[in-house]
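Please take a look at the fold of this chain. The report below goes from the overall layout down to single residues.

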Amino acid sequence: MLATIKERVIQLQRKQFGLGDIVEMKKPHPCGTNAWKVIRMGMDIRMKCTGCNHSVLLPRARFEQRLKRVLVSAGESEES
Ligand SMILES: [Zn+2]
């Protein structure tokens with residue numbers, strides 16, 4: 001039971017996200033859209049604004065700081 005709680009805490013802290021996910025950031029893009037598609041995962045995360053197709057490269061740590069929530073998880077069905 002303790003282990004389960006601990007796992008959940010880690011998941012919350014890590015904010016699970018993956019390639020192809022649509023994410024919402026703390027601040028919307030200047031174009032007014034706040035939905036970004038993750039198009040590259042690595043040391044840096046590349047995401048593309050779904051409103052104007054502008055893409056941004058962010059270090060993973062900064063991406064995680066700015067991430068508010070995952071709107072659509074692309075990999076959810078494949079992993080299980
Ligand atoms: Zn935009």
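The sections below cover the model, the sheet, its hairpins, the core and one residue of strand 2.

## Model and layout

This is a predicted model, in which local features need pLDDT of at least 70, side-chain atom pairs count only at pLDDT 80 or more, and totals for chains, interfaces and linings use all residues. Residues are numbered from 1 along each chain as its sequence is written.

The chain has 3 helices and 5 strands. Helices (H or I, at least four residues) and strands (E, at least two) are DSSP runs, numbered from the N terminus. From that end, the order of elements is α-β-β-β-β-α-β-α. The chain has 80 residues, and 12% of them count as buried. Buried means that 20 or more other C-beta atoms lie within 10 Å of the residue's own; exposed means 12 or fewer, and partly exposed lies in between, with C-beta atoms placed from the backbone.

Contacts also reach along the sequence. Among contacts with a separation of 6 or more, 37% join residues 24 or more positions apart. A contact needs C-beta atoms, placed from the backbone, within 7 Å.

## The sheet

Strands of a sheet pair through backbone hydrogen bonds, either parallel or antiparallel. Here, 5 strands form an open sheet in the order 4-3-2-1-5, with antiparallel pairing. Two strands pair if DSSP finds at least two bridges between them. Strand 4 (55–59) and strand 5 (67–72) are at the edges with a single partner strand each, so one side of each has no neighbour in the sheet. Neighbouring strands are turned by 40° against each other on average, direction ignored. Such angles use axes that are lines fitted to C-alpha atoms, for helices over the stretch in contact, and run from 0 to 180 degrees between N-to-C directions.

Strand 1 (residues 22–25) runs antiparallel to strand 2 (residues 36–40), joined by 2 bridges. Val23 sits opposite Trp36 in strand 2. Trp36 also stands opposite Cys49 in strand 3.

## Two hairpins

Strand 2 and strand 3 form a hairpin with 3 residues between them. Their antiparallel pairing has 4 bridges. Val38 has Met47 of strand 3 as its bridge partner.

Strand 3 and strand 4 form a hairpin too, with 5 residues between them. In its turn, Asn53 has a positive phi of about 65°. These strands pair over 5 antiparallel bridges. Ile45 stands opposite Leu58 in strand 4.

## Strand 3 and the core

In a regular strand the side chains alternate between the two faces of the sheet. Strand 3 (residues 44–49) follows this alternation: Ile45, Met47 and Cys49 point to one face and are buried. Asp44, Arg46 and Lys48 point to the other face and are not buried.

The largest nonpolar core has 9 residues: Phe17, Val23, Trp36, Val38, Ile45, Met47, Cys49, Phe63 and Leu67. Strand 2 and strand 3 each supply at least two of these core residues. Strand 3 gives the largest share, 3 residues. A nonpolar core is a set of buried Ala, Val, Leu, Ile, Met, Phe, Trp, Tyr and Cys residues joined through C-beta atoms within 7 Å.

## A look at Ile39

Is Ile39 buried, exposed or partly exposed? Ile39 counts as partly exposed because it has 14 C-beta neighbours inside 10 Å. Ile39 lies in strand 2.

Leaving out residues up to four places away in sequence, Ile39 touches Arg46, Met47, Lys48 and Ser55. Ile39 and Ser55 are 16 residues apart along the chain, and their C-alpha atoms are separated by 8.9 Å.

Note on methods. Contact = placed C-beta atoms within 7 Å.
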